[in-house]
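Reader: I have a sequence and a model on my screen. Walk me through the fold, please.

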Amino acid sequence: MLGDDEDVFDSVTWESPSAPATYEGSSTRPSGPGFRQSTSESEDGRDPLEPKWEGYLITSVKDPVKELPETKDAYVSYLVTAKTNLPIFSTPNPSARRRFQDFVFLRTHLAKDFPACVVPPLPDKHRLEYVTGDRFSPEFMERRRQDLHRFLQRLSRHPTLQRSTLLRAFFESTEWHVIMHQHVAHPPVPEQSSGVIDSISDSLLNAFSRVRKPDERFLAMRESVDKFEEGVALSERVFNRVRNRTNDGAPEPGEDLTGDYHDLAVAVQGLGFLESGITDPLNHFSNTLLEFSALLRHTTQVTTDPFLVHLHSLLQYSHANRAVLKLRDQKQMDFEELSEYLSAVTAERDRLAAVISGRAGSTGLGLGAYIKDKVDALRGQDDDRTRVERMRKLDAKIKELQDAVTTAHETSDAFSDETLREQKVFQRAKEAEMKEMFGNYADGQIEFYKAAMEEWERIIPIIQRIRVDV
C-alpha cells in the first residue's frame, strides 16, 4: 500500500517495508535497500508522467581478477567505477570491487523495493553458449564482464534506479558485506498467510482472471511489447543460423563456411605440389584462403557472438518490462474484485434490511437470495434478532471494504501512472541500446569486408600472372 508519509509516487513498495538499513555516509533513513525520491512533480509546464533525471551516471565494469586462487573458495571480482554529478553520491568518481553475487544481491533488492520499475535482469548464470572453458577462463570472464557492464548501464539510464541508496552503496561502501549480511540475517517479514489452500486458490484465480475494464493505453503497450519480442526472437533465430553456418565454434573445422574455406585451402595447396610450374602462386592463393577462413572466425567471435548475446539480453530486458505491465493489471484486478465483493456484501445487507422492515422478502432479489432464506430457515437463523446481528457484522465489513476499495483504487491509479512513466524510460533505453547494438554490428561487418577486400586484392595480381601452356 502507499505509505501515508509519501508525498510523491516515484516508486512504491507494495509489501510491508523491511527494517531501515543505514548505509555508510547516508543521512537518510530509507525503508529498505532502495531509495524512494521526494522530488516535486508539480513543476510548471512539466508533464507529471514525464521521467525526470536529476543528473548523469556513467558506469563501467572492468578488470576481472581471480581472487583466492588455488582454493575451493576462488571467485572473480570486477572493478566497478562511475562518473556522476548526482547529489546522492558523496564523490563524483566512486569505485569498488564486486563479485557476481554482489550484483545478484543488488538486482534482487532493487526489484523488491521498486516493483513498479523495470529493473533490468542479470545475465543467466550459465548461459554463455559461445564461450568454451571454465568460469575462470579469460573468455568466460570477459563475456561476463560485458554482461555486467550492460546491466549497470541500464540501471544508470533509469531516472529512479540511478538515485537508489543501494546503488550508491554498491559503488561507494567499504562495508558492502555488512549490508548483505544484515539483509540475509534479517529478511523482510512476510505478510501473514491465510493458509496453503487459500494461496493455491488465489494463484488459480489470478491465472484465469482478466481485467474487466481494460485501459486502451496499456493494451497498446502490451501489443507493442508482443511485436517487439516477436521481432527480436525471430532475429535471434536468423542470426543464430547464419552464425552456425559461418562458424560452428568447434576447435576443428566442421560443416561450416570457415571449414569449407580451410578445406579448399588444403586442396589448393595439394594441387600446387602437383603443378610445379605454378606452385608458388597456388601457395599464395592457399594462404589467402586460410587468412579469409581465420577472418571469418575472428568476425564471428568479436562481432556476431556479442551481437547475439546483446540481442538475447534485450529480449530478457523486455520480459522484465512485460512483468511490470502484468503487475499493473494485477493491481487493477485487485481493485475490481474488491469493488465487486463490496457490491455483493452491500446487496446482502440491503436484502436483510428489507426483510426486517417487512418491505420485501426475497421477492425480486433472485433465486440465490430465495435459497439463502430457505437455508437460514432450516438453520433457525430466520428470526429478526439473528438478522440484525448479521446486519451489524455486514455494516462493519462494508466499512472495512470501503476503506480497502479506496486504497486499492489509489494504488491502482498510482501504479498506472508509474507504469506510464516506466514505458517512456524503457522506450528510450531500448532505442539507445538498439542503436548501439546494430552500430557495433555494422562496424564489425565493415571492418570484416575491408580486411577481406585487402586480402583478395593482394592475391588477384599473383593469380593473373599464372600462364598455362596448352
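Reader: What share of the residues in the protein chain is buried?

Author: Keep in mind that this is a predicted model. The protein chain has 470 residues. Residues count as buried under 20% relative accessible area. On that basis the buried share is 41%.

Reader: How many helices and strands are there in the protein chain, and in which pattern along the sequence?

Author: The protein chain holds ten helices and three strands. Read along the sequence, the pattern is β-β-β-α-α-α-α-α-α-α-α-α-α.

Reader: Among contacts between residues at least 6 apart in sequence, what percentage joins residues at least 24 apart?

Author: Take the contacts in the protein chain between residues at least 6 apart in sequence. The part that joins residues at least 24 apart is 74%.

Reader: In what order do the three strands lie in the sheet, and which stand at the edges?

Author: The sheet is open and its pairing is antiparallel, with the order β1-β2-β3. An edge strand has a single partner, so one side of it is left without a neighbour in the sheet. The strands at the edges are β1 and β3.

Reader: How much does the sheet twist from one strand to the next?

Author: The three strands form an open sheet. From one strand to the next, the twist averages 25°.

Reader: Over how many bridges does β2 pair with β1, and over how many with β3?

Author: Both pairings run in the antiparallel sense. In the pairing with β1, Lys 62 stands opposite Leu 79 of β2. In the pairing with β3, Leu 79 stands opposite Arg 97. The β1 and β2 pair has nine bridges, and the β2 and β3 pair has five.

Reader: Which side chains of β3 point to one face and are buried?

Author: The side chains alternate along β3. Ser 95, Arg 97 and Arg 99 point to the other face and are not buried. The buried ones are Ala 96 and Arg 98.

Reader: Which residue in strand β1 has a positive phi although it is not a glycine?

Author: Most residues other than glycine have a negative phi. In β1, residues 57–67, one residue has a positive phi of about 55°. The residue is partly exposed, with a relative accessible area of 42%. It is Asp 63.

Reader: Leu 68 also has a positive phi; is it buried or partly exposed?

Author: Leu 68 lies in the loop between β1 and β2. Its phi is about 50°, although it is not a glycine. Its relative accessibility is 46%, so Leu 68 counts as partly exposed.

Reader: At what angles to β3 do α1 and α3 run?

Author: Helix α1, residues 100–113, lies across β1, β2 and β3. Helix α3, residues 165–172, packs on the sheet and touches β1, β2 and β3. The angle to β3 is about 100° for α1 and about 95° for α3.

Reader: Are α1 and α3 roughly parallel or roughly antiparallel?

Author: Two packed helices are described by the angle between their axes and the distance between the axes. The axes of α1 and α3 come within 10 Å and cross at roughly 165°. Angles over 145 degrees count as roughly antiparallel. Therefore α1 is to α3 roughly antiparallel.

Reader: Which residues of α3 meet α1?

Author: α1 passes α3 in a right-handed crossing. From α1 come Asp 102, Phe 103, Phe 105, Leu 106, His 109 and Leu 110. The residues of this contact divide into seven nonpolar, one polar and one charged. On the α3 side they are Leu 166, Leu 167 and Phe 170.

Reader: How do the residues of the contact of α7 with α8 divide by character?

Author: The axes of α7, residues 257–274, and α8, residues 279–357, come within 8 Å and cross at roughly 170°. That makes α7 roughly antiparallel to α8. The residues of this contact divide into 13 nonpolar, eight polar and one charged.

Reader: Is Ser 293 buried or exposed, and which residues does it touch?

Author: Ser 293 lies in helix α8. Its relative accessibility is 3%, so Ser 293 counts as buried. The C-alpha atoms of Ser 293 and Asp 263 are separated by 9.7 Å, although the two are 30 residues apart along the chain. Not counting residues up to four places away in sequence, Ser 293 touches Thr 258, Tyr 261 and His 262.

Key: Residues are numbered from 1 along each chain as its sequence is written. This is a predicted model: local features need pLDDT of at least 70, side-chain atom pairs count only at pLDDT 80 or more; totals for chains, interfaces and linings use all residues. Side-chain values use heavy atoms; hydrogens and water are left out. Helices (H or I, at least four residues) and strands (E, at least two) are DSSP runs, numbered from the N terminus. Buried means under 20% relative accessible area, exposed over 50%, partly exposed in between (1.4 Å probe, protein chains only). Two strands pair if DSSP finds at least two bridges between them. Axes are lines fitted to C-alpha atoms, for helices over the stretch in contact, and angles run from 0 to 180 degrees between N-to-C directions. Contact means heavy atoms within 4.5 Å. Angles under 35 degrees count as roughly parallel, over 145 as roughly antiparallel, 65 to 115 as roughly perpendicular and the rest as oblique. A crossing is left-handed if the near helix is turned anticlockwise from the far one by less than a right angle, and right-handed if clockwise. Ala, Val, Leu, Ile, Met, Phe, Trp, Tyr, Cys and Pro count as nonpolar, Asp, Glu, Lys and Arg as charged, and the others, Gly among them, as polar.
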